[in-house]
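Let's take a walk through this protein together, one region at a time. Keep the viewer open and turn the model as you read.

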Amino acid sequence: MKVLVTGGSGFIGTSLVTGLIERGFKVCNVDVRPPLNPQQSANWSKGDIMSLAEIETTLTAYQPDTVIHLAGRTDCDENTTVENDYQLNVQGTKNVLDAIKKTPAVKRLIMTSSQFVCGPGRLPASDEEYFPHTVYGQSKVETERLTRSAGLSCDWTIIRPVNIWGPYHERYSREFWKIADKGLYLHPGVPIPTRTYGYVGNVVWQMIKMLEADKAVVNEQVFYVGDNPITIDKWVMGFCEGFRAKRPIVIPLWAMTILARCGDVISKFMGKPFYITSSRLRSMTEDYYAPMDKTFETFGEAPYTLEEGIRETVKWHRGTRQSK
């Protein structure tokens with residue numbers, strides 16, 4: 001099977017390209033950036049999904065059986081709008097869909113959305129109930145709506161990644177893991193929230209299962225991809241113990257709140273997020289569930305445990321820092 005991956009040079013894409021190659025798929029990664037993993041250079045084709053002509057040319061030349069659309073802006077900037085700064089997730093997606101419609105060879109599409117199409121606090125009653133709490137989430141609502149209304153002749157599946165982590169995660173590497181490795185991570189002393197994380201190796205496994213599944217199982221379906229919800233302390237403590245073999249410092253919420261507000265001010269002056277801000281504190285202290293049952297019932301339990309994922313990630317993070 002020939003698979004074309006848009007955005008294969010990013011975090012999830014890097015692990016996906018590796019997983020596909022290991023399973024014997026022929027892979028073309030279309031991305032404006034070169035691969036994070038230099039060993040994947042032979043699979044990279046420079047291309048910009050904001051150019052309809054470029055993506056049409058690539059699809060015509062490669063003639064893939066399957067397209068996995070990962071390319072997009074994934075950070076959360078609440079100081080802008082979808083129209084101003086998230087058109088990669090809207091117009092870029094429309095270009096990919098339009099190009100697919102002109103490429104009869106494509107028999108299956110996996111379209112990447114996000115759990116952020118529904119904010120924390122409650123679970124959606126249906127696949128088309130949306131209540132995004134970020135501009136990024138709003139842009140992914142448009143991604144899903146465009147996919148549903150595109151009139152595709154191929155099978156299509158929408159995936160909603162949860163909070164995905166693992167090797168090649170650039171933001172976690174320079175923020176949380178860097179701080180945890182130095183023993184400087186501070187954990188808020190609050191009732192322990194439950195959140196839905198996903199080790200990237202398990203997410204890749206789930207996506208490949210979708211590629212191999214019968215049409216009746218995946219066509220016009222929405223699947224969250226990730227692991228079972230866990231209390232945040234299991235994830236945080238796992239990494240702190242993996243890096244330093246000891247638990248992190250726990251400080252009162254009021255003190256963390258002051259630090260976060262100071263971090264908001266520092267972030268404005270630095271032009272980039274400080275290691276603790278009000279937004280990050282909220283994510284450390286609120287529940288955020290995702291309905292994973294459908295995914296597990298359809299494809300089974302993913303192969304990697306939390307402990308295995310942490311070991312691989314710690315190994316990668318330290319190897320990356322030593323190479324710089």
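Start at a pocket, the second largest one, where α1 (11–22) and α8 (200–212) each supply at least two residues of the lining. Keep in mind as you look around that this is a predicted model. The volume of this second largest pocket comes to about 440 Å³. Its lining is made up of 18 residues, and those closest to the centre are Ser15, Thr18, Glu22, Gly201 and Tyr304. What sort of residues line the second largest pocket, by class? Nine are nonpolar, six are polar and three are charged.

While you're in this area, have a look at Asn202, which sits in helix α8. With a relative accessible area of 1%, Asn202 counts as buried, because the cut-off for that label is under 20%. Setting aside residues up to four places away in sequence, Asn202 touches Asp227, Ala302, Pro303 and Tyr304. You've met Tyr304 already, as one of the residues closest to the centre of the second largest pocket.

Now turn to the sheet. It is an open sheet of seven strands with parallel pairing, and the order reads β3-β2-β1-β4-β5-β6-β11. Which strands stand at the edges? They are β3 (44–46) and β11 (221–225); each has a single partner strand, so one side of each is left without a neighbour in the sheet. Going from one strand to the next, the twist averages 20°. Helix α5 (residues 135–149) packs on this sheet, where it touches β5, β6 (155–161) and β11. The direction of α5 makes about 170° with that of β6.

Next, zoom in on strand β4, residues 66–69. On one side it shows Thr66 and Ile68, on the other Val67 and His69, and all of these are buried, which leaves both faces of the strand covered. As for its partners, β4 is joined to β1 (residues 2–6) by four bridges, with the two strands running parallel. In that pairing, Val3 stands opposite Thr66, and Val5 stands opposite Ile68. Four bridges also join β4 to β5 (residues 108–112), again in parallel. Here Val67 has Leu109 as its bridge partner.

His69 deserves a moment of its own. It belongs to strand β4, and its relative accessible area is 1%, so it is buried. What does His69 contact, leaving aside neighbours within four places in sequence? The list runs Thr6, Ile49, Thr93, Val96, Leu109, Ile110, Met111 and Thr112.

Move across to β11. It pairs with β6 in the parallel sense over five bridges, and one of the facing pairs is Arg160 opposite Tyr224 in β11. Although β11 stands at an edge of the sheet, four of its five residues are buried, so the strand is largely enclosed by the rest of the structure.

Arg160 also takes you to Val117, a residue in the loop between β5 and α5. Although Val117 is in a loop, it is buried, with a relative accessible area of 0%. Val117 and Arg160 are 43 residues apart along the chain, yet their C-alpha atoms are separated by 8.5 Å. Apart from residues up to four places away in sequence, Val117 touches Tyr130, Phe131, Pro132, Gly137, Lys140, Val141, Glu144 and Arg160.

For a helix pair, go to α11 (residues 253–270) and α12 (residues 278–285). Their axes come within 8 Å and cross at roughly 145°. On the α11 side, the contact is made by Leu253, Met256, Thr257, Ala260, Arg261 and Asp264, while α12 brings Ser278, Leu281, Met284 and Thr285. Sorted by class, that contact has five nonpolar, three polar and two charged residues.

Last, two backbone details to check. Tyr168 has a positive phi of about 80° although it is not a glycine. Its place is in the loop between β7 (163–165) and α6 (170–174), and it is partly exposed, with a relative accessible area of 21%. Ala245 isn't a glycine either, and has a positive phi of about 60°. You'll find Ala245 in the loop between α10 (232–244) and β13 (249–252). Is Ala245 buried or exposed? Its relative accessibility is 67%, so it counts as exposed.

Notes
Residues numbered from 1 in each chain as written. Predicted model: local features only at pLDDT ≥ 70, side-chain atom pairs only at ≥ 80, totals over all residues. Heavy atoms only, no water. Buried < 20%, exposed > 50% of the residue type's maximum accessible area, 1.4 Å probe, protein only. Pairing = 2+ DSSP bridges. Axes fitted to C-alpha atoms, helices over the stretch in contact; angles between N-to-C directions. Contact = heavy atoms within 4.5 Å. 1 Å grid on protein atoms, 1.4 Å probe; cavity = no way out; pocket = protein on both sides within 12 Å on 5 of 7 lines; lining within 4 Å. Points joined across faces, edges and corners; volume = space filled by probe spheres on them. Nonpolar A, V, L, I, M, F, W, Y, C, P; charged D, E, K, R; others polar.
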